[in-house]
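The report below goes through a protein chain, starting from single residues and ending with the chain as a whole. Please keep the sequence and the coordinates at hand while reading.

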Amino acid sequence: MKSSVAVEVRYAETDQMGVVHHRHYLTWFELARTHWMRDVGFSYTELEAQGLLFPVTDVAVRYRRPARYEDRLDIEVALAGLGSSRMSFTYRVLRAGELLTEGTTRHAACDTQLRLLRMERSFPDLYARLRRSLEVPPSDPSG
């Protein structure tokens, strides 16, 4: 399942060169991911109240083209990988359909003491919904 959120680049998000500073992409990734999680049926606030945290363990970003002040962007996100204690997301930042930036984040499923949790045991409903939402690449029709 893919999800998308729209943002408009604010002046404060640009640097001296007039392009979006790289740190803001991670904020947009998080925004898209939290909207995606709500679309699946859970909010981070609910999950954290139940003792489940998803700290970021790895980030990769590839900047292809710059975004600029007042650009209207679509941030796409999909769950790309799911294990019992980890998950990963892919992101695409688009301007009028043109790919500007793509990235991935990896997350651990942890309790409030940052100990790994097995989601299928501790949060079976969430885990089942995540499994159903996993973005699976289309199979090769040539076999």
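## A buried threonine in a loop

T14 has a relative accessible area of 17%, and because buried means under 20%, this residue counts as buried. The model is a predicted one, and within it T14 sits in the loop that runs between β1 (2-8) and α1 (23-40).

A polar atom of the T14 side chain lies 2.7 Å from the backbone oxygen of Y11. When neighbours within four places in sequence are left aside, the residues in contact with T14 are V9, V19, V20, H21, R68 and Y69.

## Two consecutive positions in strand β5

T105 belongs to strand β5, which covers residues 98-108, and with 3% relative accessibility T105 counts as buried. Its side chain makes a polar contact of 2.8 Å with the side chain of H107. Not counting residues up to four places away in sequence, T105 touches F29, R33, D58, V59, M87, S88, F89 and Y91.

R106 is also found in strand β5, but R106 has a relative accessible area of 42% and is therefore classed as partly exposed. The side chains of R106 and D58 are joined by a polar contact of 2.5 Å, and D58 is likewise among the residues that T105 touches. Leaving aside neighbours within four places in sequence, R106 is in contact with P55, V56, T57, D58, M87 and S88. As for its position relative to L134, the two residues are 28 apart in sequence, while their C-alpha atoms are 14 Å apart in space.

## Positive phi values outside glycine

E70, a residue other than glycine, has a positive phi near 70°. This residue is placed in the loop between β2 (56-63) and β3 (72-82), where its relative accessible area of 47% makes it partly exposed.

A96 also has a positive phi without being glycine, with a value near 50°. Its place is the loop between β4 (86-95) and β5, and at 80% relative accessibility A96 counts as exposed.

## The chain as a whole

The protein chain contains four helices and five strands, and from the N terminus on these elements follow the order β-α-α-β-β-β-β-α-α. Along the principal axes, the C-alpha atoms fill a box of roughly 50 × 45 × 25 Å. Of the contacts in the chain with a separation of 6 or more, 68% are accounted for by residues 24 or more positions apart.

The chain has 143 residues, of which 41% count as buried. About 8400 Å² of the chain is exposed, and carbon and sulfur atoms supply 49% of that area. The 20 positive and 19 negative charges have mean positions that are 4 Å apart.

## Confidence in the model

The mean pLDDT of the protein chain is 93, with 94% of the residues reaching 70 or more. Residues 139-143 call for a separate reading, since pLDDT stays under 50 over this stretch and the model has zero contacts there beyond four places in sequence.

How values were computed
Residues numbered from 1 in each chain as written. Heavy atoms only, no water. pLDDT = per-residue confidence, 0-100. Contact = heavy atoms within 4.5 Å. Buried < 20%, exposed > 50% of the residue type's maximum accessible area, 1.4 Å probe, protein only. Areas by Shrake-Rupley, 256 points an atom, 1.4 Å probe, with all protein chains shown as cover. Lys, Arg positive; Asp, Glu negative; His and termini not counted. Charge placed at Lys NZ, Arg CZ, Asp CG, Glu CD. Polar contact = N/O pair within 3.5 Å; in protein donor to acceptor, adjacent residues only side chain to side chain.
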